[in-house]
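Here are a few friendly exercises to help you find your way around a new structure. Try each one yourself before you read its solution.

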Amino acid sequence: MDDCCALAVGPDIALYHRGPALDHGPLPSFFYFSLSGTDSLCTDPFNQPVQFLQGQMIRVFSMTLPGHESRLPATQAMQTWADDYARGLDPIEGFLNALSSAVDFAVQQKFADPEKMAVGGLSRGGFIAFHAAARDERFRWVLAFAPITELHRVREFAHLQDDPTVRFFDAVNVCKQLSSRQLRLYIGNHDTLVNTRACFDFSQRVVEEAVQQQIRSPQVELFLHPSIGHKGHGTPPEIFRQGADWISSCLR
């Protein structure tokens, strides 16, 4: 797999890429988010889904999530988000707008095949993936590992639980938009950081929305695995591999 390369989309918007050379024309593409754009694609274990896609004719793209600019400590990212909201800023909306521009760029430049695009992420990256897919119907497949689903319940947002802007980004608010997509979620059976029950409730709500739209067999899958790591929030390599294999089968 090629080294991680940055593509200049526009002022202050960088889209990172790994995979087959760009001169091969449009290919199936997976937009994946975890930390910074380079860490998401190149740093183990956060890039394990990328590693498991190595050697396939699938391009993987990423961008730097809010709070991960200038090599800020990853452990401080959610506090950075909360601090921004407390100051009246909206880092998530800003990122999603930049991502929309980046996706359009990848399609227009014939790097990404708009008929074969998936989006996914780890933890906060999974949260971002839900919102990205809800805004762009070209993301037909959504993969999330240990995703945040209730932003207002994240520890760093305790003082902002009733903030309407924060509540707006709870994933439950995009269930209707996601109901026609294929979703696959993985989470530890006792994840106390992002809450296993919240992930289950979110996936069930997407199913309910699909049923209301007379979709007879909603393509929503939730897999529980034994929790590992801090607060049960870790994801083992075999789970990353399962998710990557699913993406490969969808985009093939």
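**Exercise 1.** In this predicted model, find which residues P28 touches, leaving out those up to four places away in sequence.

*Solution.* Start by locating the residue: P28 lies in strand β3, which covers residues 27-33. Next, list its contacts: P28 touches M57, I58, R59, D113, K116 and L251. Then take one of these partners, D113, and compare sequence with space. P28 and D113 are 85 residues apart in sequence, yet their C-alpha atoms are 5.3 Å apart. Finally, check the exposure: the relative accessible area of P28 is 13%, and the cut-off for buried is under 20%, so P28 is buried.

**Exercise 2.** Work out whether the length of helix α9 agrees with the expected span.

*Solution.* Helix α9 runs over residues 237-251 and has 15 residues. The expected span is 1.5 Å times one less than the number of residues, so α9 should span 21 Å. Its end C-alpha atoms are 21 Å apart, which agrees.

Now look at the surroundings of this helix. Its buried residues are I239, F240, G243, A244, W246, I247, S248, C250 and L251. Among the elements that cover them are β3, α2, β5, β6, β7 and β8. L251 also appears in Exercise 1, as one of the residues that P28 touches.

**Exercise 3.** Describe how helices α4 and α5 pack against each other.

*Solution.* Two packed helices are described by the angle between their axes and the distance between the axes. For α4 (residues 91-108) and α5 (residues 124-135), the axes come within 11 Å and cross at roughly 55°. That angle makes α4 oblique to α5. The crossing of α4 past α5 is right-handed. On the α4 side, the contact is made by I92, E93, F95, L96, N97 and L99, and on the α5 side by F127, I128, H131, A132 and R135. Sorted by class, this contact has 7 nonpolar, 2 polar and 2 charged residues.

**Exercise 4.** Is A146 buried or exposed, and what is it in contact with beyond its neighbours within four places in sequence?

*Solution.* Begin with the position: A146 is found in the loop between β6 (139-145) and α6 (164-168). Its relative accessible area is 3%, so A146 is buried. Leaving those neighbours aside, A146 is in contact with S123, Y186, I187, D191, V194, H233 and T235. As a last step, compare A146 with L193: the two are 47 residues apart along the chain, and their C-alpha atoms are separated by 9.2 Å.

Methods. Residues numbered from 1 in each chain as written. Predicted model: local features only at pLDDT ≥ 70, side-chain atom pairs only at ≥ 80, totals over all residues. Heavy atoms only, no water. Axes fitted to C-alpha atoms, helices over the stretch in contact; angles between N-to-C directions. Helix = DSSP H or I, 4+ residues; strand = E, 2+ residues; numbered from the N terminus. Parallel < 35°, antiparallel > 145°, perpendicular 65-115°, else oblique. Left-handed = near helix turned anticlockwise from the far one by under 90°. Contact = heavy atoms within 4.5 Å. Nonpolar A, V, L, I, M, F, W, Y, C, P; charged D, E, K, R; others polar. Buried < 20%, exposed > 50% of the residue type's maximum accessible area, 1.4 Å probe, protein only.
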